[in-house]
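Work through the exercises below with the model open. Try each task before reading its solution.

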Amino acid sequence: MSQPNDLPNDQQPPEPKGDEVPVGSPQSAPGICPECGGSGRIAERPCPTCGGSGTINVLVGDA
Ligand SMILES: [Zn+2]
């Protein structure tokens with residue numbers, strides 16, 4: 001029974017916001033090319049949709 005009892009109130013560290021915001025502008029999001037499924041190739045040929053990169057930049061909110 002020799003513990004000092006002069007501890008201040010429990011200082012809880014500020015909790016970070018739980019909502020993780022995706023990197024990038026909200027109106028554009030990188031997505032996997034639906035044509036090649038992200039492989040960038042279709043039938044051993046460069047996917048014309050994504051240009052062989054496998055990913056496309058989808059613009060959203062551009063109504
Ligand atoms: Zn593609």
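**Exercise 1. Place Ala43 and Glu44 in the fold, and decide whether each is buried or exposed.**

Step 1. This is a predicted model. Ala43 sits in the loop that joins strand 2 (41–42) to strand 3. Glu44 belongs to the loop between strand 2 and strand 3.

Step 2. Count neighbours. Ala43 has 6 other C-beta atoms within 10 Å, so Ala43 is exposed. Glu44 has 5 other C-beta atoms within 10 Å and is therefore exposed. The cut-off for exposed is 12 or fewer.

Step 3. Check the backbone. Ala43 shows a positive phi of about 55 degrees, though it is not a glycine. Glu44 is not a glycine either, and its phi is positive at about 60 degrees. Most residues other than glycine have a negative phi.

**Exercise 2. Describe the surroundings of Pro46.**

Step 1. Locate the residue. Pro46 is part of strand 3 (residues 45–46).

Step 2. Classify it. Pro46 has 13 C-beta neighbours inside 10 Å, so it counts as partly exposed. A residue is buried at 20 or more, exposed at 12 or fewer, and partly exposed in between.

Step 3. List the contacts. Leaving out residues up to four places away in sequence, Pro46 touches Gly40, Arg41, Gly51 and Gly52.

Step 4. Add one distance. Pro46 and Cys36 are ten residues apart along the chain, and their C-alpha atoms are separated by 9.0 Å.

**Exercise 3. Which residue lies 28 residues from Ala29 in sequence and 5.8 Å away, C-alpha to C-alpha?**

Step 1. Start from the element. Ala29 lies in strand 1, which covers residues 28–32.

Step 2. Find the partner. Asn57 is 28 residues from Ala29 in sequence, with 5.8 Å between the C-alpha atoms.

Step 3. Classify Ala29. It counts as partly exposed because it has 15 C-beta neighbours inside 10 Å.

**Exercise 4. Summarise the whole protein: elements, burial, contacts and confidence.**

Step 1. Count the elements. The protein has four strands and zero helices. Along the sequence the pattern reads β-β-β-β.

Step 2. Assess burial. Of the 63 residues, 6% are buried.

Step 3. Look at sequence separation. Among contacts with a separation of 6 or more, 29% join residues 24 or more positions apart.

Step 4. Check confidence. The average pLDDT is 78, and 70% of the residues score at least 70. Among the elements, strand 3 has the highest mean pLDDT (95) and strand 1 the lowest (82).

Methods: Residues numbered from 1 in each chain as written. Predicted model: local features only at pLDDT ≥ 70, side-chain atom pairs only at ≥ 80, totals over all residues. Helix = DSSP H or I, 4+ residues; strand = E, 2+ residues; numbered from the N terminus. Contact = placed C-beta atoms within 7 Å. pLDDT = per-residue confidence, 0-100.
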